[in-house]
Amino acid sequence: MIKPLIQRDHAQHPPAYTPGYKSSVVRSPRLPKLSMPSTRTEETGPVFGHDVLGPQDNNLVINYTGQSAIGERVIVHGRLLDANANPIAGALIEIWQANAGGRYRHKKDGYLAPLDPNFGGCGRTITDDQGRYEFLTVRPGAYPWPNTVNDWRPMHIHFSVFGHAFGQRLITQMYFEGDPLIARCPIVNTIPDPAAIDRLIAPLDMACAMPMDALAYKFDIVLRGTRQTMFENRPEGL
Amino acid sequence: MPQSLLLLPETPSQTAGPYVHIGCVPNHAGISGIYADDPGQSPFAKDAAGKRITVTGSVFDGTGAALNDVMLESWQADGDGIYAPYQGWARMVADAHTGQWQLDTIKPGPVGPQAPHIALWIVARGINLGLLTRVYFEGDDQLTDPLLSRIDPVRRVNTLIAQETDPGCYRFDIHLQGDQETVFLDI
Ligand SMILES: [Fe+2]
């Protein structure tokens with residue numbers, strides 16, 4: 001059943017223009033967005049079958065060469081929910097990250113830290129019927145980036161998340177509890193609400209850590225919700 | 001105190017950054033062997049019914065430079081105006097040198113009162129929250145379209161209309177800032 005999306009609460013998100021993050025200055029729209037209720041276009045979205053996944057897609061430790069990547073082994077897991085607290089099942093989650101030294105396998109990354117021949121840096125999975133997902137990876141290193149002269153990104157994993165509706169589409173970043181670089185990061189600080197920043201920080205989850213194997217961090221993700229009332233007040237196609 | 005409404009706040013967005021290709025189009029980024037194919041290479045099967053079209057464009061920043069690290073996703077109805085779960089979605093990346101992207105697809109049909117359109121979602125370094133906009137097509141009947149009719153001032157409607165440069169070939173440039181700033185959507 002296709003339901004209208006609840007309007008987005010922009011207070012949860014960074015504004016477009018955030019001069020502390022210099023790249024946003026010339027890439028931020030300046031005029032107000034056009035607001036209107038969702039239509040079928042935003043309330044529907046692509047579906048991905050398990051057949052797109054390979055068996056090691058969610059295991060970044062070995063999915064590049066089959067040999068173990070270097071670094072601290074960590075499980076990253078959580079649930080994908082909508083704002084109504086319903087689990088979102090069957091949703092594609094893609095992640096990417098730097099290696100344990102803070103280096104990306106990307107032609108634009110020239111950081112001093114070396115590439116790890118056994119680490120590609122991407123993974124993906126599809127949430128189960130409870131909205132759960134999990135990845136095994138290595139803890140990404142912090143890395144410096146050109147913004148002001150000495151800015152460093154905290155350890156982070158990039159997340160690309162699909163819901164059931166194109167209007168729920170979200171890209172974000174997960175941070176690790178206790179990292180002193182989080183509070184200093186200009187990209188983190190594009191988010192004005194400290195409580196919203198906290199929702200991007202995954203706690204250490206010793207209940208899910210595997211003894212003698214891997215630590216665990218728990219990161220739940222919430223996408224926009226849908227209006228639950230059954231009354232309809234719109235013409236076909238909207 | 002009344003009862004709580006219990007709505008969970010949405011997870012905040014963060015920029016896709018300059019390395020979005022690693023996670024979303026790894027083969028394009030030169031990371032081969034993990035995924036057989038990059039997702040979203042084509043929105044429809046080769047034998048899908050409908051008129052084949054091409055939409056080409058660039059995303060320009062406030063200095064007039066084309067973003068060469070931008071990624072876009074498209075979502076659209078089929079030629080009959082139907083949204084179907086396993087088709088209609090594609091992912092495009094700008095050429096690293098020219099900044100140009102291209103979508104080879106089927107011309108969507110009208111969806112109820114909505115004129116034929118393709119939703120676009122744009123992410124890149126420097127974009128804090130993915131930007132939503134729409135491609136409409138020069139020459140279509142757009143009088144009843146509820147979105148276009150809301151745009152004020154009316155001259156900004158043009159920012160959402162792709163121009164047909166050759167039969168079946170449309171040009172759709174996106175301007176993040178300036179006199180020609182594209183209409184972005186909060187839907
Ligand atoms: Fe990063």
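The following questions and answers introduce a predicted model with chains A and B.

User: How many helices and strands does chain B have?

Analyst: The elements of chain B, read along the sequence, follow the pattern α-β-β-β-β-β-β-β-β-β-β. The count for chain B is therefore one helix and ten strands.

User: What is the radius of gyration of chain B, and how does it stand against the globule rule?

Analyst: The C-alpha atoms of chain B fill a box of roughly 60 × 45 × 40 Å along the principal axes. For 187 residues the globule rule gives 16 Å, and the value for chain B is close to this, so the chain is as compact as a globular protein of that length. The radius of gyration of chain B is 18 Å.

User: How many helices and strands make up the secondary structure of chain A?

Analyst: From the N terminus on, chain A runs β-α-β-β-β-β-β-β-β-β-α-β-β-β. The secondary structure of chain A comes to two helices and twelve strands.

User: What is the radius of gyration of chain A?

Analyst: The C-alpha trace of chain A spans about 55 × 40 × 35 Å along its principal axes. The globule rule gives 18 Å for 238 residues, and chain A comes close to that figure, so it is as compact as a globular protein of that length. Its radius of gyration is 19 Å.

User: What share of the residues in chain A is buried?

Analyst: A residue counts as buried when its relative accessible area is under 20%. Chain A has 238 residues, and its exposed surface is about 10400 Å², with 58% supplied by carbon and sulfur atoms. The buried share of chain A is 55%.

User: How far apart are the mean positions of the positive and negative charges of chain A?

Analyst: Chain A carries 24 positive and 23 negative charges. Taking the mean position of each set gives a separation of 7 Å.

User: How far apart do the centres of the positive and negative side chains of chain B lie?

Analyst: Chain B has 11 positive and 22 negative side chains. The centres of these two sets lie apart by 1 Å.

User: Which residues touch the most other members of the largest nonpolar core?

Analyst: In soluble globular proteins, nonpolar side chains tend to be buried together. The largest such core here has 44 residues. Elements of chain A and chain B each give two or more residues to this core, including β3 (92-96) of chain A and β6 (131-137) of chain B. The members with the most such neighbours are W96(A), L147(B), L148(B) and I151(B).

User: Which residues does L148(B) contact, leaving aside its neighbours within four places in sequence?

Analyst: L148(B) is one of the residues that touch the most other members of the largest nonpolar core. With sequence neighbours within four places left aside, its contacts are Y136(B), Q142(B), V157(B), L160(B) and I161(B).

User: Is T105(B) buried or exposed?

Analyst: T105(B) has its place in strand β4 (residues 100-106) of chain B. Not counting residues up to four places away in sequence, T105(B) touches P43(B), F44(B), K51(B), R52(B), I53(B), Q76(B) and I118(B). Its relative accessible area is 1%, and under 20% counts as buried, so T105(B) is buried.

User: Which peptide bond is cis, with omega near 0°?

Analyst: Most peptide bonds are trans. The bond in question leads to P153(B), a residue in the loop between β6 and β7 (161-166) of chain B. The cis bond runs from D152(B) to P153(B).

User: What is the phi of L6(B), which is not a glycine?

Analyst: Most residues other than glycine have a negative phi. L6(B) lies in the segment before α1 of chain B and is exposed, with a relative accessible area of 67%. The phi of L6(B) is positive, at about 60°.

User: Where is A85(A) found, and what is its phi?

Analyst: A85(A) is found in the loop between β2 (73-82) and β3 of chain A. At 40% relative accessibility, this residue counts as partly exposed. Although A85(A) is not a glycine, its phi is positive, at about 70°.

How values were computed:
Residues numbered from 1 in each chain as written. Chains lettered and ligands numbered in written order. Predicted model: local features only at pLDDT ≥ 70, side-chain atom pairs only at ≥ 80, totals over all residues. Heavy atoms only, no water. Helix = DSSP H or I, 4+ residues; strand = E, 2+ residues; numbered from the N terminus. Rg over C-alpha atoms; globule rule 2.2 N^0.38 Å. Lys, Arg positive; Asp, Glu negative; His and termini not counted. Charge placed at Lys NZ, Arg CZ, Asp CG, Glu CD. Core = buried A, V, L, I, M, F, W, Y, C linked by side-chain atoms within 4.5 Å. Buried < 20%, exposed > 50% of the residue type's maximum accessible area, 1.4 Å probe, protein only. Contact = heavy atoms within 4.5 Å. Areas by Shrake-Rupley, 256 points an atom, 1.4 Å probe, with all protein chains shown as cover.
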